[in-house]
Protein chains: 2
Amino acid sequence: MEAKEFLPVVRELARCYQAFECYSSRHVRSLGLTPSQFDIIATLGNTEGMTFKQLGEMTLITKGTLTGVVDRLVARQLVKRVASPMDGRSQIVQLTDDGVAMFERTFPAAINHLGKALDGMTSTELDKTHTVLRNLTRIFKRETKAG
Amino acid sequence: MEAKEFLPVVRELARCYQAFECYSSRHVRSLGLTPSQFDIIATLGNTEGMTFKQLGEMTLITKGTLTGVVDRLVARQLVKRVASPMDGRSQIVQLTDDGVAMFERTFPAAINHLGKALDGMTSTELDKTHTVLRNLTRIFKRETKAG
DNA sequence: CAGATATTGTTCTAACTAGAACCATATGTC
DNA sequence: GACATATGGTTCTAGTTAGAACAATATCTG
């Protein structure tokens, strides 16, 4: 194997994600939601709701974890569970009225906060970044499937 | 604000990190360590040990969390705490003999596993990826400092 | 239709996580 | 040297995390 320097790259990936998480999480928490809770509220916004499975795929939260996070949002009356008419095993998660209000209060603010950081990037830079990330994601996904 | 598409970019960053984490974590767990534990073992390898502060900066684990992770490694006799001769507040964390053995058993294996995924990338691609990530990291770090 | 297999969501466990409050020790200022 | 302030680790709390085992429902195959 050629001595390619991939270790610094994955360390930078971790640092990058961490830096984003730190920047974003601080703001989200100040709005009264954990990052996971915000992810769910944001994903459910402007939809008729979706199943746990769909919600897990969108938010990258595994199903065992998702149950707990949704439980807490149900306790705060921000979302509700509805039995799926299509599939007896399935639950549909929907924003309540309070949840919609929370979405409308937090989502634009979060977008705006993110924009403050990324507005310095040109569209070209954003595109390049997107492409590079997509490529790296694909590599890990492929290898994970393989073994 | 111009309608730049930064939302897909940060979602891709999350997906990318997640894909890496999944690929890497599965392997590390099969070696008998959690990802955080492996991070610490890997960071301490080939050093004389370092303080909690340094260790936290290298691994991106916050200090409150670090205490617990190190506690578990101490319980497994893979690392030890040594009082710093320089600073009465400071603890130095060092690999034990068992810890060194664990490092030698797991670190090359992890590098090799990672290499299997990334060997398909050319050095040029790796460089570009590194540059793009470093740029994005810098943006979030700067903004986090600012507020 | 019946039995085998797969899928959806829940439960359980062990661990990690950030953040805040706290204690002990250092450092800066007078 | 005394006091204010900063720093290194620990403790505590609420929450997230993955993974495995599980129950209920679907689907597939004969």
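The following legends describe close-up views of a predicted model of protein chains with DNA.

**View 1. The fold of chain A.** Chain A contains six helices and three strands. Read from the N terminus, these elements follow the order α-α-β-α-α-β-β-α-α. The C-alpha trace of chain A spans about 55 × 40 × 25 Å along its principal axes.

**View 2. Interior and surface of chain A.** Of the 147 residues in chain A, 46% count as buried. The area that chain A exposes is about 8,100 Å², and 52% of this area is supplied by carbon and sulfur atoms. Among the contacts in chain A with a separation of 6 or more, 52% are between residues 24 or more positions apart.

**View 3. The protein surface near DNA strand D.** There are 23 residues around DNA strand D, and those that come nearest are T34(A), T62(A), R72(A), G88(A) and R89(B). By class, this surface has three nonpolar, 13 polar and seven charged residues. On the side of the DNA, 70% of the strand D atoms within 4 Å of the protein belong to sugar or phosphate, and the rest belong to bases.

**View 4. Helices that face DNA strand D.** Both chains provide helices here: α2 (35-44) and α4 (63-75) of chain A, and α3 (52-59) and α4 (63-75) of chain B, each supply at least two residues of the surface near DNA strand D. The largest share, four residues, comes from α4(A).

**View 5. Polar contacts with the phosphates of DNA strand D.** In chain A, a polar side-chain atom of T34(A) lies 2.6 Å from a phosphate oxygen of DNA strand D. G88(A) approaches through its backbone, with an N or O atom 2.5 Å from a phosphate oxygen of the strand. In chain B, an N or O atom in the side chain of T67(B) is 3.0 Å from a phosphate oxygen of DNA strand D.

**View 6. Cysteines without disulfides.** A disulfide is a covalent bond between the sulfur atoms of two cysteines. A search of the whole structure finds zero disulfides over all chains. Why is C22(A) not bonded to C16(A)? The sulfur of C16(A) is the closest cysteine sulfur to that of C22(A), but the two are 13 Å apart, which is too far for a bond. C22(B) is likewise in no disulfide, and the nearest cysteine sulfur, that of C16(B), is 13 Å away. C22(A) is partly exposed, with a relative accessible area of 30%. C22(B) is also partly exposed, with a relative accessible area of 31%.

Definitions and conventions. Residues numbered from 1 in each chain as written. Chains lettered and ligands numbered in written order. Predicted model: local features only at pLDDT ≥ 70, side-chain atom pairs only at ≥ 80, totals over all residues. Heavy atoms only, no water. Near = heavy atom within 4 Å. Polar contact = N/O pair within 3.5 Å; in protein donor to acceptor, adjacent residues only side chain to side chain. Nonpolar A, V, L, I, M, F, W, Y, C, P; charged D, E, K, R; others polar. Buried < 20%, exposed > 50% of the residue type's maximum accessible area, 1.4 Å probe, protein only. Contact = heavy atoms within 4.5 Å. Areas by Shrake-Rupley, 256 points an atom, 1.4 Å probe, with all protein chains shown as cover. Disulfide = S-S within 2.5 Å.
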